[in-house]
Amino acid sequence: MDTDLRSKLECPIVMIGLMGAGKTRIGRMLADYLGIPFVDSDDVITAREGLSIPEIFAQKGEAHFRAVERAAIADLLTGDPVVLSTGGGAVTAPDTADLIFSRALTIWLRADTGILVSRVAPTLDKRPLLQAGDPAEILRKLADQRDPLYARAAIHVESRDVPLEENLNSVVKALTEHLS
Ligand code: S3P
């Protein structure tokens with residue numbers, strides 16, 4: 001645990017980026033490293049709705065999902081230091097993006113499409129947006145649309161095809177530089 005870095009943190013950290021960027025896995029490791037709680041907005045949404053993400057999209061639609069996502073993120077960003085991993089589309093809703101960028105220190109995990117595709121391949125059934133066609137093509141389009149939104153993040157980190165610990169080290173280094 002890095003108590004020195006933790007002591008410099010005055011607000012929540014929010015992980016943003018496309019599906020497969022590693023927001024949840026690296027975010028959880030970062031929270032452990034800092035000794036603060038980790039929370040995933042998709043987990044909160046599924047618990048509140050009593051439905052899986054694909055079920056929410058299929059039964060209630062994406063607009064409903066985005067509204068619940070906004071409410072969950074608003075409730076989670078109370079000011080206490082936590083690491084919050086958000087769904088890849090959270091920043092596409094302007095009011096949710098405003099909440100995130102005004103209340104948290106944001107970390108964009110950016111990754112090449114090839115890396116994203118290989119990471120999401122085993123869990124495509126859990127990702128409704130990737131079921132409408134070729135996942136690589138969809139992820140490329142989403143990157144074109146969303147990268148300018150993710151770029152508002154205070155900290156940008158490349159999520160590479162290396163062991164998770166190395167990606168965590170890149171995040172910790174960037175966070176340390178940002179907070180010093
Ligand atoms: C979405 C990403 C998913 C989930 C939902 C929509 C998106 O989360 O919130 O399927 O719009 O990119 P992950 O980024 O954690 O896969």
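## A salt bridge within helix H1

Lys-8 is partly exposed, its relative accessible area being 35%. In this predicted model, the residue forms a salt bridge with Asp-4, and the closest N and O atoms of the pair are 3.7 Å apart. Asp-4 is likewise partly exposed, because its relative accessible area of 47% falls between the limits of 20% and 50%.

Helix H1 spans residues 3-8 and holds both Asp-4 and Lys-8. The two residues are four positions apart, which is about one turn of the helix.

## Salt bridges between separate elements

Side chains of opposite charge can pair when their charged atoms come close. The count for this model is 11 salt bridges, among them the pair described above. Another joins the side chains of Lys-60 and Glu-49, at 3.0 Å from N to O. This pair links distant parts of the chain, with Lys-60 in helix H4 and Glu-49 in helix H3 (residues 41-49), 11 residues apart. Glu-49 is buried at a relative accessible area of 18%, whereas Lys-60 is partly exposed at 40%.

Arg-152 and Asp-98 form a further salt bridge, with their closest N and O atoms 3.9 Å apart. Arg-152 lies in the loop between helix H7 (135-150) and strand E5, while Asp-98 belongs to helix H5 (residues 94-103), so the pair ties together parts of the chain that are 54 residues apart in sequence. Both partners are partly exposed: the relative accessible area is 48% for Arg-152 and 44% for Asp-98. Elsewhere, salt bridges with shared partners join Glu-62, Arg-66 and Glu-69 into one network.

## The surroundings of Arg-66

Arg-66 is located in helix H4, which covers residues 53-76. The residue counts as buried because its relative accessibility is 12%, below the 20% limit. Its side chain makes a polar contact of 2.9 Å with the side chain of Glu-69.

Beyond its neighbours within four places in sequence, Arg-66 is in contact with Phe-57, Gly-89, Ala-90, Thr-92, Leu-129 and Arg-146. Ala-121, by comparison, is 55 residues from Arg-66 in sequence and 24 Å from it in space, C-alpha to C-alpha.

## A buried lysine without a salt bridge

Lys-23 lies in helix H2, residues 23-34. What is the nearest side chain of opposite charge to Lys-23, and how many Å away is it? That side chain is Asp-42, 7.0 Å away, and Lys-23 is buried yet has no salt bridge. The distance exceeds the 4 Å within which a salt bridge is counted.

A polar atom of the Lys-23 side chain does lie 2.9 Å from the backbone oxygen of Gly-17. With neighbours within four places in sequence set aside, Lys-23 is in contact with residues including Met-15, Ile-16, Leu-18, Phe-38, Ser-85, Thr-86 and Leu-109. Gly-17, Gly-87 and Gly-88 are also among these contacts.

## The open sheet

Five strands make up an open sheet in the order E2-E3-E1-E4-E5, with parallel pairing. Strand E2 (38-40) and strand E5 (155-158) are the edge strands, each pairing on one side only. From one strand to the next, the twist averages 25 degrees.

Strand E2 pairs with strand E3 (residues 83-85) in the parallel sense over three bridges. Ser-85 in E3 is the bridge partner of Asp-40. Ser-85 also appears among the contacts of Lys-23.

Key. Residues are numbered from 1 along each chain as its sequence is written. This is a predicted model: local features need pLDDT of at least 70, side-chain atom pairs count only at pLDDT 80 or more; totals for chains, interfaces and linings use all residues. Side-chain values use heavy atoms; hydrogens and water are left out. Two strands pair if DSSP finds at least two bridges between them. Axes are lines fitted to C-alpha atoms, for helices over the stretch in contact, and angles run from 0 to 180 degrees between N-to-C directions. Buried means under 20% relative accessible area, exposed over 50%, partly exposed in between (1.4 Å probe, protein chains only). Lys and Arg count as positive and Asp and Glu as negative; His and the chain ends are not counted. A polar contact is a pair of N or O atoms within 3.5 Å; within protein, one must be able to donate a hydrogen and the other to accept it, and residues adjacent in sequence count only if both atoms are side-chain atoms. Contact means heavy atoms within 4.5 Å.
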